[in-house]
Each structure stands twice: as C-alpha cells, then as structure tokens.
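Work through these exercises with the sequence and the model side by side. Try each task before you read its solution.

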Amino acid sequence: MEIIIATDYEEMSRKAAAFVADLVKKKPNLVMTVPTGSTPLGMYRELVQMHREDGLDFSGVTFFMLDEYYGLSPQSEGSYYSFLRNNFLLPIGIQNGQFQAHEALSPNTAATCLRYEKEIAKSGGLDLVVLGIGHNGHIAFNEPGSPFDSRTRLVELSMETISANARFFKSPADVPRQALSMGLATITGARKVLLLANSQAKARAVAMTLQGPITTQVPASCLQRHPDFTVVLDSSAASLLESKVRVK
Ligand code: PGA
C-alpha cells in the first residue's frame with residue numbers, strides 16, 4: 001500500500017489525475033472504472049484540462065461504471081450515468097462503445113450483473129479501479145456487511161448512504177433505495193486500485209480502512225490485502241492516521 005498525503009483537495013486532485021494520466025500514456029487501451037460523487041470531481045476537471053490542453057488521449061480507453069442507482073433512468077438528472085457523462089466522458093470525447101454502464105432499468109438484475117462481469121472479463125479485466133469512499137467505509141455501493149467475495153449485484157443502500165447522497169436530489173425521499181454495484185471481489189480483482197478521500201468527514205473511515213482490522217464491517221478494509229493499492233488523501237482525511245504510515 002502506498003499512501004500519498006496532499007495538502008488540500010486541489011493537490012489531491014492533481015496527484016490523482018497525474019496517476020491516471022501516467023497509466024493512460026503507458027497503456028492507451030487501459031480498462032478502468034469511473035467513480036461518482038464529490039471526491040473525484042477535481043480529478044475529472046484536471047483530466048479534462050490535460051485532454052484539452054496537452055492532448056491526453058482517451059480514445060483507446062474503456063471505462064466501466066462502478067455503480068448506479070437501480071430503477072433510475074440513465075437520462076435522469078440524479079443518475080450516475082448523467083453525472084459521469086456530463087463531468088467527464090463527454091468533455092473527453094468518449095464514444096458510446098467505450099463506456100460500459102449498468103442497466104439500471106433491467107427487470108432481470110441477475111442477468112444484467114452477470115453480463116457486466118462478462119464484459120469486464122471480455123475487455124481483459126480491469127487495469128485500474130478508481131474509488132472514493134463512503135463515511136461508513138463503503139466502496140462503490142458495497143455497504144458494511146458486503147461479502148469480500150461479492151461480484152456485481154443488486155444491493156440495498158444503507159440509511160447513512162441515502163442521507164449522505166440526498167444532496168444530489170430534491171429530498172431524501174427521492175434517493176433510490178437500491179443500486180447495482182460492482183462487488184468487492186470485482187474491485188480487488190483489478191490490477192491496480194486508486195482510492196481518493198478528502199475532508200475531515202472521511203478521516204475515520206480512512207483510518208479504519210488503512211489501519212483497522214480487515215472486516216466486512218469496513219468494506220474498504222479488504223484493500224489492505226491488494227498488492228497494488230495507492231491512496232491519495234488530503235491532510236484532513238489523513239488526520240486520524242497513525243504517524244507510522246509510509247508517506248510519499
Ligand atoms: P463522495 O462519495 O465522493 O460524494 O463523498 C464517495 C462515496 O460514497 O463513495
């Protein structure tokens with residue numbers, strides 16, 4: 001595990017973007033996940049700027065969504081599909097075939113989740129999973145209690161996640177209660193994992209993930225065992241870590 005501590009959100013975003021850009025340059029047909037939420041917005045802004053100003057080329061990259069609300073139309077404002085399309089994929093000129101989305105309206109979730117896993121395998125497997133983290137230690141929508149051997153599936157959202165995400169909807173009642181999410185085994189099966197976290201509100205989840213026991217109660221703690229795991233934090237998110245961590 002490598003832990004990189006940035007001074008603030010902007011520096012965290014620049015370091016994360018540089019990490020992704022470096023991999024895209026080394027492997028133009030990279031297969032990677034795209035996370036949603038407030039955390040990666042700065043990284044996306046940096047990557048869009050690198051695309052526009054320095055010609056960073058994403059035309060060979062394949063993107064997989066990590067998760068999506070179940071039952072929400074991809075065209076609706078609150079969907080993760082809309083978020084990713086508007087904040088990252090359209091500005092970097094991504095074509096439809098390069099982006100794999102969860103089928104959030106599928107009545108047969110078992111079949112669509114299996115199809116998703118097959119698409120990942122068909123693409124050669126995930127080179128890079130980029131993740132944010134929830135206050136409760138979730139990654140993608142793998143809430144506490146999610147099995148470490150879980151694959152893409154329909155999940156129930158915790159009350160904590162529903163209230164944390166209510167800011168993206170008119171009211172908490174509008175937040176969907178279920179989602180499709182890559183599983184923990186799908187995530188840990190990637191060749192590289194990059195986790196980002198900023199703000200004091202994430203400090204406890206970060207400390208438990210990186211330095212606490214490996215337990216399904218803190219889903220992200222499974223990443224401690226990953227052989228190629230990088231964490232980029234701002235100083236607030238790192239504030240509860242013990243000083244013995246290796247810092248770059
Ligand atoms: P956030 O969400 O970036 O909006 O804090 C992260 C997450 O829940 O995984």
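**Exercise 1. The second largest pocket**

What volume does the second largest pocket have? Find its lining and sort the residues by character.

*Solution.* Bear in mind that this is a predicted model.
- Step 1: the volume of the second largest pocket is about 180 Å³.
- Step 2: its lining consists of Leu72, Ser76, Glu77, Gly78, Phe168, Phe169, Lys170 and Asp174.
- Step 3: sorted by character, that lining gives 3 nonpolar, 2 polar and 3 charged residues.

**Exercise 2. The largest pocket**

State how much space the largest pocket holds. Then describe its lining.

*Solution.*
- Step 1: the largest pocket holds about 460 Å³ of space.
- Step 2: 28 residues line this pocket, and Thr36, Gly37, Ile133, His138 and Lys202 are the closest to its centre.
- Step 3: the lining splits into 11 nonpolar, 13 polar and 4 charged residues.
- Step 4: helix α5, residues 159-165, gives the most to the lining, with 4 residues.

**Exercise 3. Helix α1 and its packing**

Compare the span of α1 with the expected value. Then list its buried residues and what they pack against.

*Solution.*
- Step 1: α1 runs over residues 9-26, which is 18 residues.
- Step 2: from first C-alpha to last, α1 reaches 26 Å, close to the 26 Å expected at 1.5 Å a residue.
- Step 3: the buried residues of α1 are Tyr9, Met12, Ser13, Ala16, Ala17, Phe19, Val20, Ala21, Leu23 and Val24.
- Step 4: among the strands that these residues pack against are β1 (2-6), β2 (31-34) and β6 (128-131). The partners also include β9 (192-197), β10 (229-234) and helix α2 (41-54).

**Exercise 4. Helix α2**

Repeat the analysis for α2. Which residue just after α2 takes a positive phi?

*Solution.*
- Step 1: α2 has 14 residues and reaches 19 Å between its end C-alpha atoms, close to the 20 Å expected at 1.5 Å a residue.
- Step 2: Gly42, Met43, Tyr44, Leu47, Val48 and Met50 are buried in α2.
- Step 3: the buried residues of α2 pack against α1, β2, α3 (80-89), β6 and β9.
- Step 4: Gly55 follows just after α2 and takes a positive phi of about 70°.

**Exercise 5. The nonpolar core**

How many residues does the largest nonpolar core have? Trace the contacts of Phe58.

*Solution.*
- Step 1: the largest nonpolar core has 81 residues.
- Step 2: those with the most contacts inside it are Leu47, Phe58, Phe63, Phe88, Phe99, Leu223 and Leu233.
- Step 3: α1 supplies the largest share of this core, 9 residues.
- Step 4: leaving aside neighbours within four places in sequence, Phe58 is in contact with Val24, Leu47, His51, Phe63, Phe88, Ile92, Ile94 and Gln98.

**Exercise 6. Two buried residues**

Place Thr209 and Gly137 in the fold. Why does each count as buried?

*Solution.* The cut-off for buried is under 20% relative accessible area.
- Step 1: Thr209 is in helix α7, residues 203-211. Its relative accessible area is 1%, so Thr209 is buried.
- Step 2: beyond four places in sequence, Thr209 touches Ile133, Val218, Ala220, Ser221 and Gln224.
- Step 3: Gly137 lies in the loop between β6 and β7 (153-156). At 0% relative accessibility, Gly137 is therefore buried.
- Step 4: beyond four places in sequence, Gly137 touches Ala205, Val218, Pro219 and Ala220.

**Exercise 7. Lys192**

Is Lys192 buried or partly exposed? Locate it and name its contacts.

*Solution.*
- Step 1: Lys192 sits in strand β9.
- Step 2: its relative accessibility is 24%, so Lys192 counts as partly exposed.
- Step 3: not counting residues up to four places away in sequence, Lys192 touches Phe19, Leu23, Asp127, Leu128, Val129, His226 and Asp228.

**Exercise 8. Positive phi outside glycine**

Find where Ala140 and Ser199 lie, and give their phi values.

*Solution.*
- Step 1: Ala140 is in the loop between β6 and β7. Its phi is positive, about 50°, although Ala140 is not a glycine.
- Step 2: Ala140 is buried, at 8% relative accessible area.
- Step 3: Ser199 is in the loop between β9 and α7. The phi of Ser199 is positive too, near 85°.
- Step 4: Ser199 is partly exposed, at 26% relative accessible area.

Definitions and conventions:
Residues numbered from 1 in each chain as written. Predicted model: local features only at pLDDT ≥ 70, side-chain atom pairs only at ≥ 80, totals over all residues. Heavy atoms only, no water. 1 Å grid on protein atoms, 1.4 Å probe; cavity = no way out; pocket = protein on both sides within 12 Å on 5 of 7 lines; lining within 4 Å. Points joined across faces, edges and corners; volume = space filled by probe spheres on them. Nonpolar A, V, L, I, M, F, W, Y, C, P; charged D, E, K, R; others polar. Expected span 1.5 Å × (residues − 1). Buried < 20%, exposed > 50% of the residue type's maximum accessible area, 1.4 Å probe, protein only. Contact = heavy atoms within 4.5 Å. Core = buried A, V, L, I, M, F, W, Y, C linked by side-chain atoms within 4.5 Å.
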